[in-house]
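Please examine the sequence and the model below. The paragraphs that follow lead through selected residues, helices and strands in turn.

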Amino acid sequence: MSDKVFDILIVGSGLSSLIFAEEYLKKKSKLHMISPSFNNKNINVSKLKVDYKTLPPQLKKNFNQIQDYFNFNKFNFDKNNCNLLGSLGFGGLSNYWGLQMDKDSDSDLDSYGNQIKKQIIKNFIEILKEKSLSGSYKNYSNDFKMDKFYEKLLSKKDRNFIINKSILALNNLNNKKKVNELRPNLIFKKIKNKLVVHNYFLEKIEKKKNLLKLSCINKNQSKFFLTKKLVLAGGTLSTTKLIMNYLNIKYEVPIKHHPRLMSVYLGRNKILSNLKMTPGLLQIKNIKENFSGDVRPANEMIIDISLKIYSIFKPFKGILMFLKNYIFFSNTLLSSKYSNLFIKKEKNNFQIYSKQKNTLKILKEKQKLILSYLKKKGIIFPFYKNFFPGIGGDYHYFGTILPGNSKLSVNKNCQLNNNKAIYIIDGSVINFKKNLYPLGLVMANAKRIAKIIKKK
Ligand SMILES: Cc1cc2nc3c(=O)[nH]c(=O)nc-3n(C[C@H](O)[C@H](O)[C@H](O)COP(=O)(O)OP(=O)(O)OC[C@H]3O[C@@H](n4cnc5c(N)ncnc54)[C@H](O)[C@@H]3O)c2cc1C
C-alpha cells in the first residue's frame, strides 16, 4: 500500500471530471485523478492521446471496446432486456457524442433550493462564455444562425409543440474559424501539466479512521490509495454501484434515464451542417407533456455506418452524399418518468435490468406526434424509418443519489450524507425531468463543487 495520503482524489476522466479539474486547478497546483486507459499501459500524461471516436461502438455493433467497462464494474445485463453503454476510455462517454444541451432546466434543480439553483445556472453560463458555445441561454447569447427556413419557424408556438435552437457544445457556427468542440481532449490539453492520472480502475471504497481507502486495479496489478476527500465522477452507473457497495445496499435502486427512439426522415429544405458529428440543431418540445424530438442532418460518417448496416444501398452512396443535408436524423426522448432501468446487487455482481414492457410502444406514440408536427410545418416528406437502440440505449443515466435524507442521498454540496468526505459530481445527483439533454447542468454542478472544494 502506498503510505501517501492524498488531500483529494477524483475518479473518472469524463466531462464532469475534467470541468471540475479545470476549475479546481485555477487555484491549486496539482490534482490526482484515477481513471483507466487500458490501451496506454503507462499513462504518460503529456503524450496521452484521447481515443476520440464519433459514434459509440454500440451503434457500430462493436461490443469489444466496451466490454472492459462491464467486466471491471461487475455489471451484468441481458442485451434483450436492456442495452447500456459505458466507456473506460480516457474522456468517458463524451468521446462519442455531438452534444446539444437543453434550455429547459431550472425546475429540475428544485431539490437544491433557490440559492443553489441560481449558482448552478451561473456556472452553466460561465461554461458557455468560457468555451464560447453556440446558442443562447438567459443572459448569454451569440449570433448562431440556422438556414432561413428554420430561423422563421423558431419559437413559433403551435398548440402542442415549440421548436427551439439547441445550445451546442461547439463554437459559434457562424464564426469562420475552425469549429472548436467541447471535447475532453481539449480540456485535458489545457490542464495536463497540473494533472496526474493514475491508470487504475476504482473497485472498492472503505472508511479507514478519518480517511478513505480506495482499492484499485488495472489489467496487471492492484494498488491502494488513501485520501482525505474523494470526488466521484465515474458516470452514474459506476458511481451508483460503488456507493451501493460502500453503504452495503442490497435493495433495488431505480436508474433514471430518457428512453430514446431514433428516426430518419427526408427533409424538404436543407439544413446547415459543416460538422463531422452533427448534434441536434433543433429541438421540438411538446408543451403539455415532457418529451422531445430533435433534428440533425446526416454527414458522411453516419451515411457510411448506415451503409454498413443496410449494405444493399451501398451503390447509392453518391446520391446519399448529394442529399446528406436533406437526410435528417431525429431522437425522440421521453421524460424520465418513463425510466425503466434498475440496478441490484446479486452476490458479487450488479444486475442491471428493465421491467416494463411498453417502453417502445410509448416511444412510437410520441414519435408519431413529432412526425405529424414535422409534416404540418413542411419540414419533412411523409416517410420515415425508426430504429430502437434498446431500453437504456439513450446513454443519459442519472438521478440515483439525490439530495435528501435517505441512506442513498447527498446534501446540497453533493457530499454523501453518510460520509461527507465523499463528493459526487456526475449525473447521479440530479434528477432531470424537463431537461432532456443533461450534460450542461452536470458540468455546471461539477464546476460549482470545484469552487467549494478549492476554497477549503
Ligand atoms: C452517443 C452519445 C450521445 C450523447 N449525446 C448527448 C447529448 O447530445 N447531450 C447530453 O446532454 N448528453 C449526451 N450524452 C450523454 C453524455 O455523454 C454523458 O451524460 C456524459 O458523458 C456524462 O459525463 P460523466 O463525466 O459524468 O461520465 P462519463 O462520460 O461516463 O465518464 C466516466 C469516466 O469515469 C471512468 N470510470 C468509470 N468507472 C470507473 C471506475 N470504477 N474507476 C475509475 N474510473 C472509472 C470512465 O473511464 C470515464 O473516464 C451522449 C452520450 C453518448 C454515448
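C414 has a relative accessibility of 0% and therefore counts as buried, since the limit for that class is under 20%. In this predicted model, C414 is located in the loop that runs between β22 (397-398) and β23 (415-416). Its backbone also deserves attention: phi of C414 is positive, about 65°, although the residue is not a glycine. Most residues other than glycine have a negative phi.

A second residue with this backbone feature is N248, whose phi is near 55°, again a positive value in a residue other than glycine. N248 comes just after α6, in the loop between that helix and β14 (253-257). N248 counts as partly exposed because its relative accessibility is 46%, a value that falls between the limits of 20% for buried and 50% for exposed. The helix that precedes N248 is mostly covered: α6 spans residues 236-246, and 10 of its 11 residues are buried. Those buried positions are T236, L237, S238, T239, T240, K241, L242, I243, M244 and Y246. The list includes K241 as well as residues such as L237 and L242. In an α-helix there are 3.6 residues a turn, so residues three or four places apart point the same way.

From α6 the path leads to the nonpolar interior. The largest nonpolar core holds 100 residues, of which F20, L195, I205, L214 and L232 touch the most other members. Among the structural elements, α10 gives the most to this core, with 10 residues. A second, separate core has 28 residues, including L261, Y265, V295 and I379. As for L232, its contacts beyond four places in sequence are V11, L202, I205, T239, L242, I243, I422, Y423, I424, I425 and D426. Three of the residues named there, T239, L242 and I243, are among the buried residues of α6.

Strand β1 offers another view of the interior. L9 has its place in this strand and is buried, with a relative accessible area of 0%. Leaving aside neighbours within four places in sequence, L9 is in contact with H32, I34, L214, F225, T227, K229, L230 and V231. L214 is also one of the residues that touch the most other members of the largest nonpolar core. The C-alpha atom of L9 is separated by 5.8 Å from that of M33, and the two residues are 24 residues apart along the chain.

F225, one of the contacts of L9, also takes part in one of the 18 aromatic pairs that the structure holds. Its partner is F6, and the pair is tilted, with 6.0 Å centre to centre and 50° between the planes. F6 lies in strand β1 (residues 5-11) and F225 in strand β13 (residues 222-232), so this pair ties together parts that are 219 residues apart in sequence. Both F6 and F225 are buried. Elsewhere, Y69, F70, F75 and F77 form one aromatic cluster.

Helix α1 (residues 15-24) contains S16, which counts as buried at 7% relative accessibility. Not counting residues up to four places away in sequence, S16 touches A233, I425, D426, V442 and A446. I425 and D426 appear among the contacts of L232 as well.

How do the axes of α3 and α10 cross? Helix α3 (residues 113-130) and helix α10 (residues 439-455) have axes that come within 8 Å and cross at roughly 105°. That angle makes α3 roughly perpendicular to α10, because values from 65 to 115 degrees are assigned to this class. On the side of α3, the contact is made by I116, Q119, I120, N123, F124, E126, I127 and E130, while α10 contributes G440, L441, M443, A444, N445, K447, R448 and K451. By class, this contact has 7 nonpolar, 4 polar and 5 charged residues.

A last position is A169 in strand β9 (residues 167-171). With 2% relative accessibility, A169 counts as buried. A169 and K103 are 66 residues apart in sequence, and their C-alpha atoms are 13 Å apart in space.

Key
Residues are numbered from 1 along each chain as its sequence is written. This is a predicted model: local features need pLDDT of at least 70, side-chain atom pairs count only at pLDDT 80 or more; totals for chains, interfaces and linings use all residues. Side-chain values use heavy atoms; hydrogens and water are left out. Axes are lines fitted to C-alpha atoms, for helices over the stretch in contact, and angles run from 0 to 180 degrees between N-to-C directions. Helices (H or I, at least four residues) and strands (E, at least two) are DSSP runs, numbered from the N terminus. Angles under 35 degrees count as roughly parallel, over 145 as roughly antiparallel, 65 to 115 as roughly perpendicular and the rest as oblique. Contact means heavy atoms within 4.5 Å. Ala, Val, Leu, Ile, Met, Phe, Trp, Tyr, Cys and Pro count as nonpolar, Asp, Glu, Lys and Arg as charged, and the others, Gly among them, as polar. A nonpolar core is a set of buried Ala, Val, Leu, Ile, Met, Phe, Trp, Tyr and Cys residues joined through side-chain atoms within 4.5 Å. Buried means under 20% relative accessible area, exposed over 50%, partly exposed in between (1.4 Å probe, protein chains only). Rings of Phe, Tyr and Trp (its six-membered ring) pair if their centres lie within 6.5 Å; planes under 30 degrees apart count as stacked, over 60 as edge-to-face and the rest as tilted.
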